[in-house]
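Dear colleague,

I am passing on the structure we discussed, and below it you will find an account of what came out of the analysis. Please read the two side by side.

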Amino acid sequence: MTLQTPEPVTELSPPPVETFARGKVGLDSGTQERGTVLCFTMAETFRLFVKNAQQLVAVCSGGERFLAGDRMQRLAVIDNGAVVVGRDGLVRAVGSTDVLEKQFRQASFDKVIDASGMVVVPGLIDSHTHPVWAGDRVHEFAMKLAGATYMEVHQAGGGIHFTVEHTRRATPEQLFSSLTERLTRMLRAGTTLVECKSGYGLDLDTELKMLTVVEKARTALPMGISSTYCGAHAVPKGRTEAEAVQDIVQVQLPRLQEKMALGELRVNNIDVFCEKGVFDLDSTRTILQAGKALGLQINFHGDELHPMNSAEVGDPQRGIGAMCHSPASSIHSLALWLVALVLAMSAFPLVLFHINC
Ligand SMILES: [Zn+2]
């Protein structure tokens, strides 16, 4: 990876009046043009000033909103960097410490951090996790090392069903304790925003228990959490796929809606495991549309193990913004999705590749 020193973009001469109007003060948070900051008065109070960082990683050096392809190999790094954060939590300016100290000399800050000898980097976003669970599945590695497939482990009572049994038995306190431990570890590693799924209950009570634990973590931890209802993570033991769909649509989602209306839960997304032997395309579509009707954003598992043409369900024109675990997606179905995506000018697709869920 090549570290790139951004061109100097700050100007030292003070503005003629006390209000900056998109003046060229430093790299901004990425949503504005290069070298601009939001408007502020020189005597304004800001939340935070981090200065003297040995390196400050700004990612983009030319005002790009993101990096893609080979350009991801070239990070923009500012030596002796500084960053100013406003009272609204938004990054107001990024640049060298010398420049920002002069530019903000009349401003006051709630907090100043001397980051000498440190590196300041943007927070990481983990857009797909299953962090609420009980029951260790390390023993399944022996089966997998012996050649068992994901579905063979699943059919032998392992996989998701093993975790479901233990998660159903766990108390909310136990789940909260292990969740906060996991999220705290992620926070220490740099994750500041994480998507957290339910999905190891498969019944109303346990799914609500998991989502309530996620809700509690939102206020207990200094990190952003996006909450996802994943009651269709597997077909519960003793039920058919059709019965599971009926329970989700007619029992679980209405109860979820009540809890959300009361302000007891804030759920952002809905997820379905669209997979051969789990939920087919029709079931997936039915559940996702029911969730969308409640205002939930759609973010589902598609084509993880078999090509299911999930991308056709994940048509952004239907308001579906993210599909994960998609190594088995056909070029044809992904192409359909991407064409639809461009036509819809909708959210960016998120195609992730990871194994254990
Ligand atoms: Zn997953």
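**A helix pair, a central strand and one arginine**

Helix H5 passes H6 in a right-handed crossing. The contact is made on the H5 side by Pro 172, Leu 175, Phe 176, Leu 179, Thr 180 and Leu 183, and on the H6 side by Lys 209, Met 210, Thr 212, Val 213, Lys 216, Ala 217 and Ala 220. Please keep in mind throughout that this is a predicted model.

As for the geometry of this pair, H5 (residues 172–188) and H6 (residues 204–220) pack at an angle of about 50°, and their axes are 10 Å apart. H5 is therefore oblique to H6, since an angle of about 50° falls neither under 35 degrees nor within 65 to 115 degrees.

For the wider setting, the protein chain holds ten helices and 14 strands, and 36% of its 357 residues count as buried. Among the contacts in the chain with a separation of 6 or more, 70% are accounted for by residues 24 or more positions apart.

The strand I would draw your attention to is S12, which spans residues 269–274 and is mostly covered, with six of its six residues buried. Both of its faces are covered, Asn 269, Asp 271 and Phe 273 lying on one side and Ile 270, Val 272 and Cys 274 on the other.

S12 has a parallel partner in S11 (residues 224–232), with which it pairs over three bridges, and in this pairing Ala 232 stands opposite Val 272. S11 and S12, together with helix H7 (residues 241–261), make a right-handed β-α-β unit.

S12 also pairs in the parallel sense with S13 (residues 297–302), here over four bridges, and Ile 270 of S12 stands opposite Ile 298 of S13. From S12 the chain crosses to S13 through helix H8 (residues 281–293), and this β-α-β crossover is right-handed.

One last residue deserves a note. Is Arg 74 buried or exposed? Arg 74, which has its place in strand S5 (residues 74–85), is neither: it counts as partly exposed because 15 other C-beta atoms lie within 10 Å, whereas a buried residue needs 20 or more and an exposed one has 12 or fewer. Arg 74 is 13 residues away from Ser 61 in sequence, and the two are 9.2 Å apart in space, C-alpha to C-alpha.

With best regards

Methods: Residues numbered from 1 in each chain as written. Predicted model: local features only at pLDDT ≥ 70, side-chain atom pairs only at ≥ 80, totals over all residues. Helix = DSSP H or I, 4+ residues; strand = E, 2+ residues; numbered from the N terminus. Pairing = 2+ DSSP bridges. Right-handed = clockwise from strand over helix to strand, strands pointing away. Axes fitted to C-alpha atoms, helices over the stretch in contact; angles between N-to-C directions. Parallel < 35°, antiparallel > 145°, perpendicular 65-115°, else oblique. Left-handed = near helix turned anticlockwise from the far one by under 90°. Contact = placed C-beta atoms within 7 Å.
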